[in-house]
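Student: Hi! I have a model open and would like to talk through some of its details. Could you help me?

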Amino acid sequence: MKSMTISKNDRLIIEITGMTSEGYGVGRSCDGVAIFVPNTAIGDKADVLIVKVLKNFCFGKLIDLVQPSVDRCIIDCPVFLKCGGCCYRHITYESELRIKEQKVKDSVKRIAGLDITIKPIMGADSTEHYRNKAQFPLSKSKEGNVEMGFYGYHSHRVVNTDNCLLQPKIFDDIMAVVRNFLKKKNQPIYDEVTHKGLVRHLYMRYGEKTGEIMVCLVTNGDSIKGEEQLVNSLKENIPNLKSVILNSNKEKTNVIIGIKNKTLYGDKYITDNLCGLNFRISPNSFYQVNHNQAEKLYNKAKEYACLSGEETLVDLYCGTGTIGLTMAKDCKKLIGVEIVPQAIEDAKLNAQNNGITNAEFICGDATKCAERLKKHNLKPDVVVVDPPRKGLTPDLIETINEMSPKRVVYVSCDSGTLARDLKIFKEKNFDINEITPVDLFPRTSHVECVALLNKL
């Protein structure tokens, strides 16, 4: 590659021809240097200020649109250009889906080197108010006002907002109640730098089908002033309030939720109905944030599992049991594995409450538990995995291979680590049949996938 000819504060006119996995537009200088520019769209001809120069590429800031892309649309959020919650509010949803589908295709081809079927992405029926969970950090402005919202992109600066188009409107009402309470009681807000202060996050959950609402304050302590007033204010203003929780997180960490919960009002959980089953959701439980799209994802996973009623199904990273339990009536035996104790407790109760008697849930690390199951000569017919963003460990992939299931259904929230793992499975004689992307997170850069692997 030629030596870098671009300097900081240069102004260039470039055409945006691609998009990064984080939603940055990509253009090139006349001598081929890649320039990443947020808030641009494929097809833009853009006037760009270079703000950062690295060895092989640059970052730019959009100054003006010389010629806007046909993919652009009117921005509908006043804090979009500051907030890190969304990255695609400036383009049409159709173009967003094309970008996400291409992202999966590029990952599989570039990282895994595989030429396999990528099905058309399953888009959302609605791109607004779809999140059933919100977790907003809190801070104080220079004027001493309580601020809450998403962090700014690549920062820990809270972008204050009174409403968010990603979340249910009732969450806006909860934000207003909590903001008013914190102001009246002059509650000390946590400071990430000094680790002083009390209230860290406002955390909310909503049952799409049941309407039940949980409000949780995450604090750097075990109590707050005026707990009864907070509960009364929420009860007066928020219909279907089922639970008010105080979560204690005293660690110097960016992990949001601590392990200790104190119920201030109602139950310590809410329930929701997904794929015809009722699920109990605690503060620490994993539950997909987009109910309607999760049903599409789980139904596709069930289709890929191709169960006849005679199979043993192992569900790794099972959370509260959602994926496995939606398949339980179609298999002979379900074994779920999850490392979070509260999630396993919920999974067992979810099975019991739905009359499912062929499910067993084990608390532990997925890699270690799978190895123990293999040593006990378990031979699952189907393995479902739904790992965190970092994907599977090589040891777990090897254990699954040695178990020799007929099929593996891989649910992924990161196409890059999915592609990396698929390459390893391919080397171990698994045929990567097909992948279906599902858009669970409209207006953000994230895309979920479900892949079908068949043992040869």
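Tutor: Happy to, and let's start with aspartate 44. Not counting neighbours within four places in sequence, aspartate 44 is in contact with Ile14, Glu15, Ile16, Leu65, Gln67, Pro68, Ser69 and Arg72. Keep in mind that this is a predicted model.

Student: Thanks! Where is aspartate 44 found?

Tutor: Aspartate 44 sits in the loop between β3 (34–37) and β4 (45–53).

Student: And is aspartate 44 buried or exposed?

Tutor: Aspartate 44 has a relative accessible area of 0%, so it is buried.

Student: Which backbone nitrogen does the side chain of aspartate 44 reach?

Tutor: The backbone nitrogen of alanine 41 is one of them, at 2.7 Å from the side chain of aspartate 44. The side chain of aspartate 44 also reaches the backbone nitrogen of serine 69, at 2.7 Å.

Student: Staying with that loop, what about asparagine 39?

Tutor: Asparagine 39 is in the loop between β3 and β4. Although asparagine 39 is not a glycine, its phi is positive, about 60°. For background, most residues other than glycine have a negative phi.

Student: Is asparagine 39 buried, exposed or partly exposed?

Tutor: Asparagine 39 is partly exposed, because its relative accessible area is 23%.

Student: Where else should I look for a positive phi?

Tutor: Try asparagine 186, which is not a glycine and has a positive phi of about 50°. Asparagine 186 is placed in the loop between α2 and β9 (199–206). Its relative accessibility is 51%, so asparagine 186 counts as exposed. Then there is serine 404, which follows α8 and has a positive phi near 55°.

Student: Which residues of α8 are buried?

Tutor: In helix α8 (residues 394–403), the buried ones are Leu396, Ile397, Thr399, Ile400, Asn401 and Met403.

Student: OK, switching to helix packing. What do I need to describe a pair?

Tutor: Two packed helices are described by the angle between their axes and the distance between the axes.

Student: Then at what angle do α2 and α3 cross?

Tutor: The axes of helix α2 (residues 169–184) and helix α3 (residues 227–237) cross at roughly 150° and come within 10 Å. Therefore α2 is roughly antiparallel to α3. The crossing of α2 past α3 is right-handed.

Student: Which residues of α2 and α3 meet?

Tutor: From α2 there are Ile174, Val177, Val178 and Phe181, and they meet Gln229, Leu230, Ser233, Leu234 and Asn237 of α3. Sorted by class, the residues in the contact of α2 with α3 are six nonpolar, three polar and no charged.

Student: How do α1 and α9 cross?

Tutor: Helix α1 (residues 93–112) and helix α9 (residues 415–427) have axes that come within 8 Å and cross at roughly 40°. That angle is why α1 and α9 are oblique to each other. Their crossing is right-handed.

Student: What residues make the contact there?

Tutor: On the α1 side, Lys103, Val104, Ser107, Val108, Ile111 and Ala112 take part, and on the α9 side, Ser415, Gly416, Ala419, Arg420 and Lys423. The contact of α1 with α9 has five nonpolar, three polar and three charged residues.

Student: Tell me about arginine 420. What is it in contact with?

Tutor: Leaving out neighbours within four places in sequence, arginine 420 is in contact with Ile111, Lys390, Gly391 and Leu392. Arginine 420 lies in helix α9. Arginine 420 is partly exposed, because its relative accessible area is 33%.

Student: Last stop, alanine 343. Where is it found?

Tutor: Alanine 343 is in helix α6 (residues 341–353). With 3% relative accessibility, alanine 343 counts as buried.

Student: Which residues does alanine 343 touch?

Tutor: Not counting residues up to four places away in sequence, alanine 343 touches Gly319, Thr320 and Glu338. You could also look at asparagine 284: the C-alpha atoms of alanine 343 and asparagine 284 are separated by 7.1 Å, and the two are 59 residues apart along the chain.

Student: What about a pair such as valine 70 and methionine 148?

Tutor: Valine 70 and methionine 148 are 78 residues apart in sequence and 34 Å apart in space, C-alpha to C-alpha. Valine 70 is in the loop between β5 (57–67) and α1, and at 80% relative accessibility valine 70 counts as exposed.

Key:
Residues are numbered from 1 along each chain as its sequence is written. This is a predicted model: local features need pLDDT of at least 70, side-chain atom pairs count only at pLDDT 80 or more; totals for chains, interfaces and linings use all residues. Side-chain values use heavy atoms; hydrogens and water are left out. Axes are lines fitted to C-alpha atoms, for helices over the stretch in contact, and angles run from 0 to 180 degrees between N-to-C directions. Helices (H or I, at least four residues) and strands (E, at least two) are DSSP runs, numbered from the N terminus. Angles under 35 degrees count as roughly parallel, over 145 as roughly antiparallel, 65 to 115 as roughly perpendicular and the rest as oblique. A crossing is left-handed if the near helix is turned anticlockwise from the far one by less than a right angle, and right-handed if clockwise. Contact means heavy atoms within 4.5 Å. Ala, Val, Leu, Ile, Met, Phe, Trp, Tyr, Cys and Pro count as nonpolar, Asp, Glu, Lys and Arg as charged, and the others, Gly among them, as polar. Buried means under 20% relative accessible area, exposed over 50%, partly exposed in between (1.4 Å probe, protein chains only). A polar contact is a pair of N or O atoms within 3.5 Å; within protein, one must be able to donate a hydrogen and the other to accept it, and residues adjacent in sequence count only if both atoms are side-chain atoms.
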